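Here are my notes for you on this one. Keep the viewer open while you read, and look up each residue as it comes along.

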Amino acid sequence: MKKMLFAGILAALLSFAFTSNTGRTITGKIRDQNGDPVPFATVTAKGTHNSVAADANANFTITVDDKTIILKVTAVGFEPEEVQLTNATHYDVTMAKPPGTMSEVVVTTGLGIQRAPLANGYSTLQGKIAGVYIRGAKTNQSAAPRVVADDEEETDNSWRYNDSFNTEGYDHITENPFLKTNDNPLSTFSIDVDAASYANVRRFINDNELPPAGAVRIEELINYFTYNYPQPQNDDPFSINTEISNCPWNAQHKLVLIGLQGKKISTQNLPASNLVFLIDVSGSMNEPDKLPLVKSSLKLLVDQLRPQDKVAMVVYAGQAGLVLPSTGGDEKMKIKDAIDALDAGGSTAGGQGIKLAYDVAKKNFIKDGNNRVILCTDGDFNIGVSSEDELQTLIGDERTSGVFLSVLGFGTGNYQDAKMQLLADKGNGNHNYIDNINEAKKVFVNEFGGTLFTIAKDVKLQIEFNPDKVQGYRLIGYENRLLNKEDFNDDKKDAGELGSGHTVTALYELIPTGIKDTMLKNVDALRYQKTKPASKNNFNDEVMNIKLRYKKPDGNKSTLIEQPLKDGNIAFSSTSGNFRFAASVAAFGMLLRNSQYKGKADFQSVEQTAKSAMANDEEGYRKEFVALVQKASSLSEKQKETVVK
């Protein structure tokens, strides 16, 4: 009897143990004090590594164990919020802005005093001071606004509030012009899989500002999205896909799409990884959207690691140091604990950190594996090796070591976009901007193979246009990827890399032969050059010939692929969703840049075209794009109405 009673009690205890901690699912929606959604906020079960990101509509779902009694909600630009859990399964969370924002920013330049009101802590005033883009200073919590009379004189050339003025750095972009086919029959450029510009543009617009023109790289806006191209059917690492139709913003012109689809390799079959996390822990990273977001992002990557993968971690501030030796991917808690222990402080010796990270990567080099340094920084290097020439030399020297470089940008206010681009371009790598945890999930989870595993390097294209069909053309974007025509056959010339499963898309706007067009400029007749007779060949029905060269990740000799394009006279409305969506993103970029080539494009037509190509949007990125277009349209209208005194 006692044995039966004991067995019954034991069974009850075991039942309680296994049922009382089974977990439950919590849902909710996050809003600000005005009732507007706060998308992509991070929701964490307090005291654990269990966290999720709210979606674009600010809804979240998280599964927690029964021991969890508090959810912590964080979002860039808001005070952290803690939610005490009860028996309810749905919670509406309201987040507050930090107190003490300025009412006005006043800037004095050689052009005189300029004022602009602040919205959500940022100024709508845009300008140039000493060649640095100024986006408006954000105050600390103790700042108090000062009333300035309209006739007050300013004696110092500085921001009124100097606690954290903006020093973000962007290169000037001179848009590709239309070129005459007879004078320039070849167009040569390197591919670009970077997507940093789109995430950065999104950050500006979500902060209620239109981005500066230098932040808008149209090719990166286009390539942020995945396109439904077919997988390669042969031994080549990618397929080449082409399409041609009428140009939606200029009815007399044609638009051509060239799309590459990288071969998708399953995670199980990817080569082993030797990764080195190179993390900026300087004082400039001590912001919620910097080091804390870096830590959350890298932990998402750690969750994807396999036992055969290994990770080391180098940090740099006043000096560089190794804080985690190379550690197997099956020791996830050890790696996460090292990440959690990071704190920010000190000045930034970025060059020293890069040197050490490459040394660690080479020491643990995996033959035929994926050897990569992952740099996480705002790019604000201020001591040691910091000049562009020095950094370019340093990264360029390491390119031949077989170690690739991924550059992840974080933060606002001092983000050095131009320097980040330089590092990625010279380091056989890619560049992404992480503005929230959802973007980190896209880079490290949804696109894990494409971000970290190179399947082809030094990929470059050369297009030859048929003058019988095309009198002029313009490559949309890729301004910093242009190559000389001689570079195409030069295997020593560096070009872009393509990752597993990645897509790359390029657009050309064509001026057909036989129409009058003001976009093409004439020069006086030449004295010594002979006019070439009209071509007589078997290719007169071709619009262009596409040539592509690439190398294997460990190769030194390139392979050539060639493919012509003919015009099937397909109406724009009958083109693929790939074509229409890429065209809408390109038009959006031209509107943000206020491009002279935008033609009849407007935000409404961009929205309509994008909405017609919303298929295969499982992650909701295209839906988010439409919302971004709508917000940019509203900001553009407000900007037209604003008069800066």
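The points below go from the whole chain to single residues.

1. Before anything else, keep in mind that this is a predicted model. The protein chain has 645 residues, and 52% of them are buried. Its secondary structure adds up to 13 helices and 28 strands. If you take the contacts with a separation of 6 or more, 75% of them join residues that are 24 or more positions apart.

2. Now for the nonpolar cores. The largest one holds 47 residues, and Phe225, Trp249, Phe588 and Phe625 have the most contacts inside it. Several elements give two or more residues to this core, including helix H2 (196–206), strand E16 (250–262), strand E26 (503–512) and helix H13 (621–641). Which helix gives the largest share? That's H11, with 11 residues. Another core lies apart from this one; it has 34 residues, with Leu270, Val281, Leu324 and Phe444 among them.

3. Click on Phe225 next. Leaving out residues up to four places away in sequence, Phe225 touches Tyr198, Thr503, Phe581, Val585, Tyr621, Arg622 and Phe625.

4. Helix H13 is a nice one for a quick check. With 21 residues at 1.5 Å a residue, H13 should span 30 Å, and its end C-alpha atoms are indeed 30 Å apart, so the two agree. Quite a list of residues in H13 is buried, including Tyr621, Phe625, Val629, Ala632 and Leu635. What covers the buried residues of H13? The cover includes H2, helix H9 (437–446), H11 and H12.

5. Glu497 deserves a second look. You'll find Glu497 in strand E25 (residues 496–499). Glu497 is buried yet has no salt bridge, and the nearest side chain of opposite charge, Arg481, sits 6.2 Å away. There is a polar partner, though: a polar atom of the Glu497 side chain lies 3.4 Å from the backbone nitrogen of Asp458. Not counting neighbours within four places in sequence, the contacts of Glu497 include Ile191, Val193, Phe404, Asn428 and Lys457.

6. Arg474 is another charged residue to zoom in on. Arg474 is in strand E24. Is Arg474 buried or exposed? It counts as buried, with a relative accessible area of 1%. The Arg474 side chain reaches the backbone oxygen of Asn176 at 3.0 Å. Beyond residues up to four places away in sequence, Arg474 also touches Glu175, Pro177, Phe178, Tyr508, Met590 and Tyr597, among others. Try this pair too: Arg474 and Leu255 are 219 residues apart along the chain, but their C-alpha atoms are separated by 9.7 Å.

7. Last, a look at two backbone angles. Most residues other than glycine have a negative phi. Asn208 is not a glycine, yet its phi is positive, at about 65 degrees. Tyr478, also not a glycine, has a positive phi of about 65 degrees. Where are they? Asn208 is in the loop between H2 and H3, while Tyr478 is in the loop between strand E24 (470–476) and E25. Asn208 is partly exposed, with a relative accessible area of 22%. Tyr478 has 1% relative accessibility, so it counts as buried, for which the cut-off is under 20%.

Key
Residues numbered from 1 in each chain as written. Predicted model: local features only at pLDDT ≥ 70, side-chain atom pairs only at ≥ 80, totals over all residues. Heavy atoms only, no water. Core = buried A, V, L, I, M, F, W, Y, C linked by side-chain atoms within 4.5 Å. Buried < 20%, exposed > 50% of the residue type's maximum accessible area, 1.4 Å probe, protein only. Helix = DSSP H or I, 4+ residues; strand = E, 2+ residues; numbered from the N terminus. Contact = heavy atoms within 4.5 Å. Expected span 1.5 Å × (residues − 1). Lys, Arg positive; Asp, Glu negative; His and termini not counted. Salt bridge = Lys/Arg side-chain N within 4 Å of Asp/Glu carboxyl O. Polar contact = N/O pair within 3.5 Å; in protein donor to acceptor, adjacent residues only side chain to side chain.
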